[in-house]
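User: Please take a close look at the pocket linings of this model, and explain in one connected account how they relate to the rest of the chain.

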Amino acid sequence: MSFYVKDETLQREVRAWTNAKLMPQEQADFIILPASSTVAEVEAVIEQAKIGTLVDPQQSATIILEMTREEETAFVLRGPGIKGES
């Protein structure tokens, strides 16, 4: 299992808790983005993340986006694994 996160403190914590390898975001199984990420940064990560296939969807990356309750940005989720839109 591999992951990508910019924050060095969080890198150490994720490694300590999961024993996962830190990898470039294009190769990572899990990508963690902080709440301070802009819409443009999130879109760029989504475009560069690993993409699975219908046969092997598990080969795609999982993107974890930290959100705050004060967040006013709306995201529409759709695609394999999501029924309709969310």
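Analyst: **Helix H2 and the pocket linings**

In this predicted model, helix H2 is the element that gives the most to the lining of the second largest pocket, with three residues. That pocket holds about 200 Å³ of space, and of the 13 residues that line it, Lys6, Leu33, Pro34, Ser37 and Glu41 lie nearest its centre. Sorted by class, its lining is made up of seven nonpolar, three polar and three charged residues.

The largest pocket, with about 890 Å³ of space, is lined by 25 residues, and those closest to its centre are Ile46, Ile63, Leu77, Arg78 and Ile82. The elements that each supply two or more residues to this lining are H2, E4 and E5. Here too H2 gives the most, in this case with four residues, so that this helix is the leading contributor to the lining of the largest pocket as well as to that of the second largest pocket. By class, the lining of the largest pocket has 16 nonpolar, six polar and three charged residues.

Two of the residues closest to the centre of the largest pocket, Leu77 and Ile82, also belong to a nonpolar patch on the surface. The patch is completed by Val39, Met67 and Phe75, and its five members together have about 380 Å² of accessible area. Met67 is placed in the loop between strand E4 (62-65) and strand E5 (78-79), and because its relative accessibility is 41%, Met67 counts as partly exposed.

Arg78, another of the residues closest to the centre of the largest pocket, leads from the lining to the charged contacts. Side chains of opposite charge can pair when their charged atoms come close. The side chain of Arg78 meets that of Glu85 in a salt bridge, at 3.2 Å from N to O. Arg78 counts as exposed because its relative accessibility is 57%, and Glu85 is likewise exposed, given a relative accessible area of 55%; the cut-off for this class is over 50%.

The count of salt bridges comes to two, and the other pair joins the side chains of Asp29 and Lys50, at 2.6 Å from N to O. Asp29 lies in the loop between strand E2 (21-22) and strand E3 (30-33), whereas Lys50 lies in the loop between helix H2 (39-48) and E4, so this pair ties together parts that are 21 residues apart in sequence. Asp29, at 22% relative accessibility, counts as partly exposed, and Lys50, with a relative accessible area of 25%, falls in the partly exposed class as well. The loop that carries Lys50 is thus set between H2 and E4, two of the elements that line the largest pocket.

As for the wider setting, the protein chain has two helices and six strands, which from the N terminus on follow the order β-α-β-β-α-β-β-β. The C-alpha atoms fill a box of roughly 40 × 35 × 20 Å along the principal axes, and 20% of the 86 residues of the chain count as buried.

Conventions: Residues numbered from 1 in each chain as written. Predicted model: local features only at pLDDT ≥ 70, side-chain atom pairs only at ≥ 80, totals over all residues. Heavy atoms only, no water. Patch = residues over 30% accessible without salt bridge, like charges linked within 9 Å, V, L, I, M, F, W, Y side chains within 5 Å. Areas by Shrake-Rupley, 256 points an atom, 1.4 Å probe, with all protein chains shown as cover. Salt bridge = Lys/Arg side-chain N within 4 Å of Asp/Glu carboxyl O. Buried < 20%, exposed > 50% of the residue type's maximum accessible area, 1.4 Å probe, protein only. 1 Å grid on protein atoms, 1.4 Å probe; cavity = no way out; pocket = protein on both sides within 12 Å on 5 of 7 lines; lining within 4 Å. Points joined across faces, edges and corners; volume = space filled by probe spheres on them. Nonpolar A, V, L, I, M, F, W, Y, C, P; charged D, E, K, R; others polar.
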